[in-house]
Amino acid sequence: MFKGQPKGLFALALANTGERFGYYTMLAIFMLFLQAKFGFEQAAASQLYAIFLAAVYFMPVVGGWLADKIGFGKCVVTGICVMFIGYLCLSIPTPANGLGLGLMIAALALIAVGTGLFKGNLQVMVGNLYDDPKYASKRDAAFSLFYMAINVGAMFAPSAATAITNRSLAKSGLIYKADIPALAHQFLNGTITPENTEKLTGLAAQMPGYQAADLTQFSNYYIENLASSYNMGFAVACVSLIVSIAIYFGCRNWFKHADVNAKQAAAVKSENYVELTPKQTKDRIVALCLVFAVVIFFWMAFHQNGSSLTWFARDYTQSFATGWTRIGFNIWALALIAASVYTLFASFQSETKKSKIICAIVTLVLWGGAFMIYKGLSNPLEIFPQLFQQFNPFYVVALTPVSMAIFSALAKKGKEPSAPKKIGLGMFVAALGYLVMIFASRGQASPAALAGTVSPDPVVPTYLMGTYLILTFAELLLSPMGISFVSKVAPPKYKGLMMGLWFAATAVGNYLSSIPGLLWKAVPLWANWAILMALCAIAGVVMFALMKKLEAATAE
């Protein structure tokens, strides 16, 4: 799995892991922060969230264009610095007024610009490592490993955000209750019903270390302190970026030769630089653009994790886990399980008997540790809505060796699907994920009927756990393979720009991810999932209809 890969892959992957940990820590609580601090309804919050995500993934177009001219490394380092300033600004508590909103938007703009300079160009450098014929056959496997490393950071992010926010709330004598932010804003705005006023009074009485004189004082105090606790969560990203830049410069000699764009490669007459004919260049760009157009709909569906799926976790899912599901909400147990997958594979793939035995023993120890953690968990176990976001990266980390083994076995038999076929299959798998959500929503009241409260008959956590598992299968078919495909097919002169356009497609999908938020209180709950399911299925059909054209163009 790791054998035969260039050292530069691991340095770049670890640098990206740190950056992604900070980003996903912020993203895990960002939607909750918007609604808690500013009292936004789902439509407004999802619009701002989607615009931010779109900007994050559109800016790599500019970053790629710039890197094609001045170099990838310069853009990566500049991007980290700009992101750091953005996260630092976002972590500073501000008033919940127009000035506070404006400062937050400015911080988000800096994060988007910095990510645009960093993200795509780092991945181009990874691809450049595999322009060397010695490593060319390992490109797809390398991007699977790189993608796994990204998700190691993302896996720990929701738990880190939860721990920091809960600790900050506890210092103020408060505990998190999902109903309170919306009810507090309703009370302060004068739109609360007598029934919800009584409910807010009961929730206020449950606070362990704070008793307010009246509901006005309590509502203001809770909103202010909850928003400030989220600010503390955002500050984690600053620390993670310091770790990333240290890894980048500390290991730069491992990948310095990959920090070269087409202009620089041509100037030194690199043996890995290949000049394409105008027709080949055009055909490849057209093929890539067709793929970009299709994957828009995957990202639209996939990036519901921070919005509609989090709302479903908060409003329609039990706030506790029982039985075996409890283990999924302890990050340390998940980490041990994920690590055991790699040691288990190593016990079969190691070249010496001694190594096989050691890996097998370590696997048993890891399983034992996870079981001990599980036995020590309370039953039932209180859970928080943002914790569901750790399932997708956990699944990615744990299933990457499995997917690599499957595709490796198919490749040996000459039956491995092409990258475009994997992307098409991924669209159909994503559609199945939202079929699960349709079943989960049967009999549930519409969001409009709940009016800011939670469902009186919430579903078990396994629905969301299953949905994230299926969406992860789709992601593993589509995302790392798509990045590898772009790095392989993009004309050398336009590598940065083409990688940027891959992220631009993601940006469009991210913006369209606001559609369920706009419809959240206008249609039945199941209808949102049905729309996403239909769009993924249609995109899959279109992808297979274009298959011959795509494979012909990319084979040249």
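Helices here are DSSP runs of H or I with at least four residues, strands are DSSP runs of E with at least two, and both are numbered from the N terminus. The structure is a predicted model, in which local features need pLDDT of at least 70 and side-chain atom pairs count only at pLDDT 80 or more, whereas totals for chains, interfaces and linings use all residues. Residues are numbered from 1 along each chain as its sequence is written, and side-chain values use heavy atoms, with hydrogens and water left out.

**Exercise 1. Place Thr 472 in the fold and list its contacts beyond the neighbours within four places in sequence.**

Solution. Begin with the secondary structure: Thr 472 belongs to helix 17, which covers residues 462-489. Next take the accessibility, where buried means under 20% relative accessible area, exposed means over 50%, and partly exposed lies in between, with a 1.4 Å probe and protein chains only. Thr 472 has a relative accessible area of 0% and is therefore buried. Finally, with contact meaning heavy atoms within 4.5 Å, Thr 472 touches Asn 392, Tyr 395 and Val 396 once the neighbours within four places are set aside.

**Exercise 2. Compare the settings of Gly 71, Ala 43 and Lys 134: which is buried, which partly exposed and which exposed?**

Solution. Start with Gly 71, which sits in the loop between helix 2 (42-70) and helix 3 (72-90); its relative accessibility is 2%, so Gly 71 counts as buried. Ala 43 lies in helix 2, and because its relative accessible area is 30%, Ala 43 is classed as partly exposed. Setting aside the neighbours within four places in sequence, Ala 43 is in contact with Gly 517 and Leu 518. Lys 134 occupies the loop between helix 4 (98-129) and helix 5 (139-171), and its relative accessibility of 61% is why Lys 134 counts as exposed.

The last step is to set sequence separation beside C-alpha to C-alpha distance for each residue:

- Gly 71 and Val 541 are 470 residues apart in sequence and 38 Å apart in space.
- Ala 43 and Gly 426 are separated by 383 residues in sequence and by 28 Å in space.
- Lys 134 and Gly 368 are 234 residues apart in sequence and 40 Å apart in space.

**Exercise 3. How is the aromatic pair of Phe 312 and Tyr 316 arranged, and which cluster do ring pairs link?**

Solution. First state the rule: rings of Phe, Tyr and Trp (its six-membered ring) pair if their centres lie within 6.5 Å, and planes under 30 degrees apart count as stacked, over 60 as edge-to-face and the rest as tilted. A search of the whole structure on this basis finds 31 aromatic pairs. In one of them, Phe 312 and Tyr 316 are stacked, at 5.5 Å centre to centre and 20° between the planes. Phe 312 is buried, with a relative accessible area of 0%, and Tyr 316 is likewise buried, at 0%. Ring pairs then link Trp 311, Phe 312, Tyr 316, Tyr 434, Trp 520 and Trp 529 into a cluster.

**Exercise 4. Where is Pro 380 found, and what kind of peptide bond joins Asn 379 and Pro 380?**

Solution. Locate the residue: Pro 380 is in the loop between helix 13 (353-376) and strand 2 (381-382). Then examine the peptide bond between Asn 379 and Pro 380, which is cis, with omega about 10°.

**Exercise 5. Describe the overall build of the protein chain.**

Solution. The protein chain contains 21 helices and 2 strands. Its radius of gyration is 24 Å, close to the 24 Å that the globule rule gives for 556 residues, so the chain is as compact as a globular protein of that length; the radius is taken over C-alpha atoms, and the rule is 2.2 Å times the number of residues to the power 0.38. Along its principal axes, the C-alpha trace spans about 75 × 55 × 45 Å. Buried residues make up 56% of the 556 residues.
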